[in-house]
Amino acid sequence: MAFTGKYESENQENYEEFLEALGLLSAKTDHNVVTEVLQDGNDFTWTQSIPNWAWSNKFTIGQECELVTMKGDKFKATVLLEGEKISAQFPQYQFTAEIIEDKLVMNCITSGEKGVAFKRISKRM
């Protein structure tokens, strides 16, 4: 599955609840998030941006790498490709992404009894 492309958010579920669970409610924005994915085989650059802010990670599927959270904290993780779905464990949530009908579908699920499932669907630009 080729992820390469530029995507603009068009729908999201539990956005505020997810930000609140991460302690980032003050970062809430009404701007559409643009996600740009560059894929070269198993090597990825994954960037999300809104006006005046961008967050980017580079990784190779199946290899431990250093990633950065939305808060700017660095951590080590191995990004996996399970079927046609990318998966990574961030410190506060499990991240997955896949292409469904030419749309990028990302899910972030926080752990714990009051876990929050955030879903963002983005269309190709």
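**Figure 1. The hairpin of strand 5 and strand 6 in the predicted model.** Five residues separate strand 5 from strand 6 in this hairpin. Within the turn, Gly 72 adopts a positive phi of about 95°. Strand 5 covers residues 64-68 and pairs with strand 6 in the antiparallel sense, over five bridges. One of the paired positions joins Glu 64 to Thr 78, its bridge partner in strand 6.

**Figure 2. Side-chain alternation along strand 6.** Strand 6 comprises residues 74-78, and its side chains alternate between two faces. Phe 75 and Ala 77 point to one face and are buried. Lys 74, Lys 76 and Thr 78 point to the other face and are not buried. For Lys 74, the relative accessible area is 60%, so this residue is classed as exposed.

**Figure 3. The salt bridge between Lys 74 and Glu 66.** The closest N and O atoms of Lys 74 and Glu 66 are 4.0 Å apart. The criterion for a salt bridge places the side-chain nitrogen within 4 Å of the carboxyl oxygen. Glu 66 has a relative accessible area of 45% and is therefore partly exposed, whereas Lys 74 is exposed. A search of the whole structure finds four salt bridges.

**Figure 4. The open sheet of nine strands.** The strand order is 4-3-2-1-11-10-9-8-7, and the pairing is antiparallel. Strand 4 (53-60) and strand 7 (80-82) are the edge strands, each of which pairs on one side only. On average, neighbouring strands of this sheet are turned by 25° against each other, direction ignored. In general, the strands of a sheet pair through backbone hydrogen bonds, in either a parallel or an antiparallel manner.

**Figure 5. The pairing of strand 8 with strand 9, and the packing of helix 1.** Strand 8 (residues 85-89) and strand 9 (residues 93-100) run antiparallel and are joined by five bridges. Gln 89 stands opposite Gln 94 of strand 9. Helix 1 (residues 15-22) packs on the sheet, where it touches strand 1 (5-13), strand 9, strand 10 (103-110) and strand 11 (117-124). The direction of helix 1 makes about 45° with that of strand 10.

**Figure 6. The salt bridge between Glu 10 and Lys 103.** The closest N and O atoms of this pair are 2.4 Å apart. Because Glu 10 lies in strand 1 and Lys 103 in strand 10, the pair ties together parts that are 93 residues apart in sequence. Glu 10 has a relative accessibility of 39% and counts as partly exposed. Lys 103 likewise counts as partly exposed, at 30% relative accessibility.

**Figure 7. Asp 102 and its salt bridge with Arg 124.** The closest N and O atoms of Asp 102 and Arg 124 are 2.6 Å apart. This pair links distant parts of the chain, 22 residues apart: Asp 102 belongs to the loop between strand 9 and strand 10, and Arg 124 to strand 11. Although Asp 102 is not a glycine, its phi is positive, at about 65°. With a relative accessible area of 45%, Asp 102 is partly exposed. Arg 124 also counts as partly exposed, with a relative accessibility of 31%.

**Figure 8. The backbone at Asn 14.** Asn 14 is located in the loop between strand 1 and helix 1. The phi of Asn 14 is near 65°, a positive value in a residue other than glycine. At 36% relative accessibility, Asn 14 counts as partly exposed.

**Figure 9. The surroundings of Thr 45 in strand 3.** Strand 3 spans residues 43-50 and includes Thr 45. The relative accessibility of Thr 45 is 18%, so this residue counts as buried, the limit for that class being under 20%. Neighbours within four places in sequence left aside, Thr 45 is in contact with Glu 36, Val 37, Leu 38, Ser 56, Asn 57 and Lys 58. Of these contacts, Ser 56, Asn 57 and Lys 58 fall within the range of edge strand 4 (53-60).

**Figure 10. Glu 84 and Ile 99.** Glu 84 is placed in the loop between strand 7 and strand 8. Glu 84 and Ile 99 are 15 residues apart in sequence, and their C-alpha atoms are 7.8 Å apart in space. Glu 84 counts as partly exposed, with a relative accessibility of 48%.

Conventions: Residues numbered from 1 in each chain as written. Predicted model: local features only at pLDDT ≥ 70, side-chain atom pairs only at ≥ 80, totals over all residues. Heavy atoms only, no water. Pairing = 2+ DSSP bridges. Helix = DSSP H or I, 4+ residues; strand = E, 2+ residues; numbered from the N terminus. Axes fitted to C-alpha atoms, helices over the stretch in contact; angles between N-to-C directions. Contact = heavy atoms within 4.5 Å. Buried < 20%, exposed > 50% of the residue type's maximum accessible area, 1.4 Å probe, protein only.
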